[in-house]
Amino acid sequence: MEAVVFVFSLLDCCALIFLSVYFIITLSDLECDYINARSCCSKLNKWVIPEMIGHSIVSVLMLVSLHWFIFLLNLPVATWNIYRMILALIND
């Protein structure tokens with residue numbers, strides 16, 4: 001069971017790193033005026049919820065499998081994503 005948790009966490013973290021690189025590339029295109037702000041926001045907004053879900057799943061898996069140190073490492077990012085989502089819901 002422990003190996004499955006770590007393999008899934010590795011794949012999830014790889015996907016999150018790929019997503020972060022995609023965010024950086026899209027924002028650099030916005031900075032260089034290759035795309036406008038509206039298309040940049042439409043490209044990035046659809047990936048916010050999957051990013052939040054990915055971080056939350058890894059954090060919950062580490063909590064359930066009793067890997068406290070890794071859970072504590074993932075907790076600030078998951079908390080930040082949930083806080084960002086709550087602010088977005090309040091402001092809409």
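Colleague: Let me start with L44: does the chain leave L44 buried or exposed, and at what relative accessibility?
Modeller: Happy to help, and please keep in mind that this is a predicted model. L44 sits in helix α2, which covers residues 37–45. Buried means under 20% relative accessible area, so L44 counts as buried, with a relative accessibility of 11%.

Colleague: Which residues does L44 touch, leaving aside those up to four places away in sequence?
Modeller: Contact here means heavy atoms within 4.5 Å. With sequence positions up to four places away not counted, the residues that L44 touches are Y22, F23, T26 and L27.

Colleague: And how far is the C-alpha atom of L44 from that of A15?
Modeller: Along the chain, L44 and A15 are 29 residues apart. In space, the separation of their C-alpha atoms is 15 Å.

Colleague: On to the cysteines: how many disulfides does the structure hold?
Modeller: A disulfide needs a pair of cysteine sulfur atoms within 2.5 Å. For C41, the closest cysteine sulfur is in C40 at 5.6 Å, which is too far for a bond. C32 is in no disulfide either, with the sulfur of C40 as its nearest at 12 Å. The number of disulfides in the structure is zero.

Colleague: What relative accessibility does C32 have, and what does C32 count as?
Modeller: The partly exposed class lies between the buried limit of 20% and the exposed limit of 50%. C41 falls in this class at 42%. C32 has a relative accessibility of 45%, so C32 counts as partly exposed.

Colleague: Which residues does UniProt list for "transmembrane region", and how far apart are the end C-alpha atoms of the second span, 52–75?
Modeller: The unreviewed UniProt entry lists residues 5–25 and 52–75 under that name. Residues 5–25 are 100% helix and 0% strand, with end C-alpha atoms 30 Å apart. Residues 52–75 are 88% helix and 0% strand, and their end C-alpha atoms are separated by 12 Å.

Colleague: What kind of aromatic pair do W80 and Y83 form?
Modeller: The structure holds one aromatic pair. W80 and Y83 are three residues apart in helix α4 (residues 68–91), so about one helical turn separates them. Their rings are 5.6 Å apart centre to centre, and with 40° between the planes the pair is tilted.

Colleague: Is Y83 buried or partly exposed, and with what relative accessible area?
Modeller: Buried would require a relative accessible area under 20%. Y83 is therefore partly exposed, its relative accessible area being 43%.

Definitions and conventions. Residues are numbered from 1 along each chain as its sequence is written. This is a predicted model: local features need pLDDT of at least 70, side-chain atom pairs count only at pLDDT 80 or more; totals for chains, interfaces and linings use all residues. Side-chain values use heavy atoms; hydrogens and water are left out. Buried means under 20% relative accessible area, exposed over 50%, partly exposed in between (1.4 Å probe, protein chains only). UniProt positions are given in the numbering used here, feature names are shortened, and annotations may be inferred rather than shown by experiment. Helices (H or I, at least four residues) and strands (E, at least two) are DSSP runs, numbered from the N terminus. Rings of Phe, Tyr and Trp (its six-membered ring) pair if their centres lie within 6.5 Å; planes under 30 degrees apart count as stacked, over 60 as edge-to-face and the rest as tilted.
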